[in-house]
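Hi everyone, thanks for making time for this one. I'd like to walk you through a single model, so please have the viewer open and follow along.

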Amino acid sequence: MKLLVSPINNEEAISALKGGADIIDVKNPKEGSLGANFPGVIKEVKETVGNQKPISAALGDFNYKPGTAALAAYGAAAAGADYVKIGLYDIQTEEQAYEMLAGITEAVRTMDNVAKVVACAYSDYARINSIDPALLPAIGAKAGVDLVMVDTGVKDGRSTFEFLNEAQLKDFVEKAHANGLETALAGSIKFEDIEAIKAIKPDILGVRGIVCGGDRSTSIKQELVEQLRARLG
Ligand SMILES: O=C[C@H](O)COP(=O)(O)O
């Protein structure tokens, strides 16, 4: 299983890289769960990381704005992102989700460095009135994305496991794989969740809070990334 770690800046990206993260996921938590950072930060991290590991960029917790989302994806890929990650936050219908994802996929496919598209729905979808992640594998496959993900929309410490049980998460992963997609799980994951995560078998585990020592508003610590990487095997 790959480990995706979400730094805010270049300094944190170095800690994530040195700690053994497999994907360096640039984001800006001040703008939400999948808050977007500035192109300059993505570029700086890309220059630091080079070809050692792929970098990912969060595009934002989006509402229904397919053009804005496609342009954001294009910009993030142009800044050097190998993965572009969209949060379907204020998206309620399958049609809206499809249009958002198809627009992004088409935009990045026209570029020289084709970035992988990650579509993220939220485990706590009911409390934010968003689309059910269970629908995402089929919609994502139809839209041509590469990877589907589950994260929490509200970062209040409640984990994805408080909203979806192990069987539901396993089903998400299996449905995605049956559709030819990779999968990522995230959402205030803690060290005690590792065995369950291993049983669910996502391709990628996405984290921030756990490698900040529990409080995602502090900084990523290299030794915690090392510990988590070792626990994942
Ligand atoms: O993409 C992963 C997220 O940043 C996870 O953050 P978190 O572990 O603090 O919920």
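Let's begin with strand β5, residues 116-122, and strand β6, residues 147-151: they run parallel and are joined by 5 bridges. Before going on, please keep in mind that this is a predicted model. If you want to find the pairing on screen, look for Cys120, which sits opposite Met149 in β6. A second pair to click on is Tyr122, whose bridge partner in β6 is Asp151.

Now turn to the other neighbour of β6. Strand β7, residues 182-185, pairs with β6 in the parallel sense as well, over 4 bridges. Here Leu147 stands opposite Glu182 in β7, and Val150 stands opposite Leu185. The connection from β6 to β7 goes through helix α7, residues 166-178, and the three elements form a right-handed β-α-β unit.

How buried is β6? All the way along: 5 of its 5 residues count as buried, so the strand is largely enclosed by the rest of the structure. The cut-off behind that word is 20 or more other C-beta atoms within 10 Å. As a reminder, side chains in a regular strand alternate between the two faces of the sheet. In β6 both faces are covered, with Leu147, Met149 and Asp151 buried on one side and Val148 and Val150 buried on the other.

One strand further, β7 pairs with β8, again in the parallel sense, over 2 bridges. Ala184 is the residue to look for there, opposite Ile204 in β8. The link this time is helix α8, and β7, α8 and β8 make another right-handed β-α-β unit.

So what do the strands add up to? In total, 8 strands close into a barrel, in the order β1-β2-β3-β4-β5-β6-β7-β8, with parallel pairing. On average, neighbouring strands of this sheet are turned by 25° against each other, direction ignored.

Next, two helices that lie across strands. Helix α3, residues 66-78, lies across β3 (55-63) and β4 (83-90), and runs at about 165° to β3. Helix α9, residues 222-232, lies across β1 (2-5) and β8 (204-207), at about 155° to β1.

Now the ligand, which I suspect some of you have been waiting for. Which residues surround the ligand most closely? The shell holds 16 residues, and the closest are Ser6, Ala186, Gly206, Arg208 and Gly209. Sorted by class, the shell has 5 nonpolar, 6 polar and 5 charged residues.

Last, two backbone details for anyone who likes to check torsions. Most residues other than glycine have a negative phi. Asn129 is not a glycine, yet its phi is positive, about 55°. You'll find Asn129 in the loop between α5 (125-128) and α6 (136-143). Is Asn129 buried or exposed? Asn129 is exposed, because 11 other C-beta atoms lie within 10 Å, and the limit for exposed is 12 or fewer.

Lys201 also has a positive phi, about 60°, without being a glycine. Its place is the loop between α8 (194-200) and β8. Lys201 has 14 other C-beta atoms within 10 Å, so it counts as partly exposed.

That's my tour, and I'm happy to take questions.

Terms used. Residues numbered from 1 in each chain as written. Predicted model: local features only at pLDDT ≥ 70, side-chain atom pairs only at ≥ 80, totals over all residues. Pairing = 2+ DSSP bridges. Axes fitted to C-alpha atoms, helices over the stretch in contact; angles between N-to-C directions. Contact = placed C-beta atoms within 7 Å. Right-handed = clockwise from strand over helix to strand, strands pointing away. Near = placed C-beta within 6 Å. Nonpolar A, V, L, I, M, F, W, Y, C, P; charged D, E, K, R; others polar.
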